[in-house]
Amino acid sequence: MRRTAAAASAAGVLATALLATALLAEAPASAAPGDRTYEWSGPEGEVHRDVAVSGSGRVFSVSLPEPGAQERSWLENGRRLEWSRFDVPASSQGGMIAGPGNYAMAVTGSVSWLFDGTGWDGPVTITAQEVARSKLVGNTDGDAALLWSAPGGRAYLSRLERGGSWDTRRVPSVLVDAPRDVAINSAGKVTVVWAAPKGTTAEIRRTVIQTGATTWSPSVALGTVDHPRPRLRLVTEGGGRETLLARDKLWRQASSTTMPTYQFRTSNRAELAAGDSLTRLVWAGMVGDEHRFYTRSAGTSWGPRTLVWANAGPGDCPESPWFGVGMVPSGRSYVAAAVRTDVGETTEVCGGPFATLVTLDRFDGYLNRAGLDTALQTTPYQIVGGTSGPVVVEYEPGNWTTDWMMQFFDR
């Protein structure tokens with residue numbers, strides 16, 4: 001494991017009286033949820049990769065280089081130490097989803113690639129138009145939905161039911177280049193949300209297209225937020241209950257057939273993850289000279305606020321802290337976090353970084369804490385897990401030998 005001197009020194013500041021006793025417990029020796037799986041090792045890469053884990057536990061990824069940065073993209077799949085790579089034309093747009101068995105589907109630009117147990121088939125054309133601002137989501141059955149912009153900024157949604165073909169329809173009422181997000185549940189229902197700017201505020205709107213339907217539901221306003229271009233995060237549980245973050249406001253469905261209703265305000269720096277029947281909210285805050293990471297989970301109702309992790313660090317570092325959250329279908333959650341400290345040698349103004357991965361059960365119980373290789377604070381953490389196999393954390397470690405990497409942990 002690579003760790004900077006700053007990271008090693010920062011470990012000494014973890015012990016704090018403000019953390020619960022359980023949080024200070026040492027990680028189990030082996031076979032605990034969230035332990036590093038050293039028998040797994042993925043290929044390192046120069047660019048970000050979108051990652052998915054299939055029902056058999058096989059890991060799939062697609063590289064998405066910045067425009068002009070690489071001459072090609074590539075598709076990877078592997079188990080433990082055995083990996084294969086398939087080069088495809090370069091694209092910065094796309095993603096990867098996985099389904100039962102060894103099923104996976106990748107999108108690069110305007111085409112898709114299918115892996116169904118033996119190798120990659122494709123490309124299959126999704127649209128003849130140039131694709132921009134795309135986001136690919138899938139469910140555990142392998143159904144897929146791609147939200148994307150055409151030249152000029154109009155929003156389109158392409159759907160693919162596993163074993164079928166792509167169907168593309170314009171998403172009505174979405175303003176050109178408005179902030180937006182998409183989710184698909186286990187029944188194949190697709191929901192799109194967006195922010196319609198109104199001066200210094202934005203109105204949050206929602207529309208749905210059901211499995212087999214050809215028209216969208218009328219768009220409905222959920223409420224307003226105090227920013228014309230708020231950050232949006234939409235997740236759905238397998239059964240269809242949706243949760244939406246828009247800047248610092250949160251909406252949630254009481255059931256899959258009701259409209260989302262406003263619940264409460266949270267932090268501008270918050271993340272969501274969802275499993276079969278549970279949703280987790282994670283946010284960060286500064287208390288004194290500590291960065292603290294909190295969580296609440298929701299099933300039929302919201303649980304209490306729980307402290308996940310705390311670490312000392314200067315409060316004037318704009319990049320700190322950074323974090324991500326992922327959840328396996330059963331509801332176990334994984335929270336990756338990095339903060340800067342003022343301990344150790346560094347050329348950075350805000351000191352050296354320290355990163356960790358915390359594992360929680362579905363009842364907010366603390367299970368484990370494992371170290372991550374030193375991570376940049378400006379990189380997103382991608383945390384994915386399937387119905388079997390490892391939990392994969394993909395991120396930018398921020399050292400001089402590796403640009404992007406995947407690390408593997410027990411479920």
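## Confidence, cores and a small sheet

In this predicted model, residues 343-348 keep a pLDDT (the predictor's confidence in each residue, from 0 to 100) under 50, and the model has 11 contacts (heavy atoms within 4.5 Å) for them beyond four places in sequence. The protein chain averages a pLDDT of 86, with 84% of the residues scoring at least 70, whereas over residues 1-30 the pLDDT is below 50, a stretch that has 61 contacts beyond near neighbours in sequence.

Residues are numbered from 1 along each chain as its sequence is written. Because the model is predicted, local features need pLDDT of at least 70 and side-chain atom pairs count only at pLDDT 80 or more, while totals for chains, interfaces and linings use all residues.

The table lists two nonpolar cores, sets of buried (under 20% relative accessible area, 1.4 Å probe, protein chains only) Ala, Val, Leu, Ile, Met, Phe, Trp, Tyr and Cys residues joined through side-chain atoms within 4.5 Å.

| Core | Residues in core | Members include |
|---|---|---|
| Largest | 17 residues | Phe293, Val308, Trp309, Phe323 |
| Second, separate | 15 residues | Ala338, Ala370, Leu372, Phe409 |

Strands E22 (279-287), E24 (306-312), E25 (322-327), E26 (333-340) and E27 (353-360), which are DSSP runs of E of at least two residues numbered from the N terminus, each supply at least two residues of the largest core. Phe323 touches, among others, Arg269, Trp283, Phe293 and Tyr381, not counting residues up to four places away in sequence.

An open sheet of three strands follows the order E29-E30-E31 with antiparallel pairing, where pairing requires at least two DSSP bridges between two strands. E29 (382-384) and E31 (405-409) stand at the edges, each with a single partner strand, so one side of each lacks a neighbour in the sheet. E29 pairs with E30 (residues 391-395) over three bridges, and Val384 has Val392 in E30 as its bridge partner.

Definitions and conventions
Heavy atoms only, no water. Helix = DSSP H or I, 4+ residues; strand = E, 2+ residues; numbered from the N terminus. Buried < 20%, exposed > 50% of the residue type's maximum accessible area, 1.4 Å probe, protein only.
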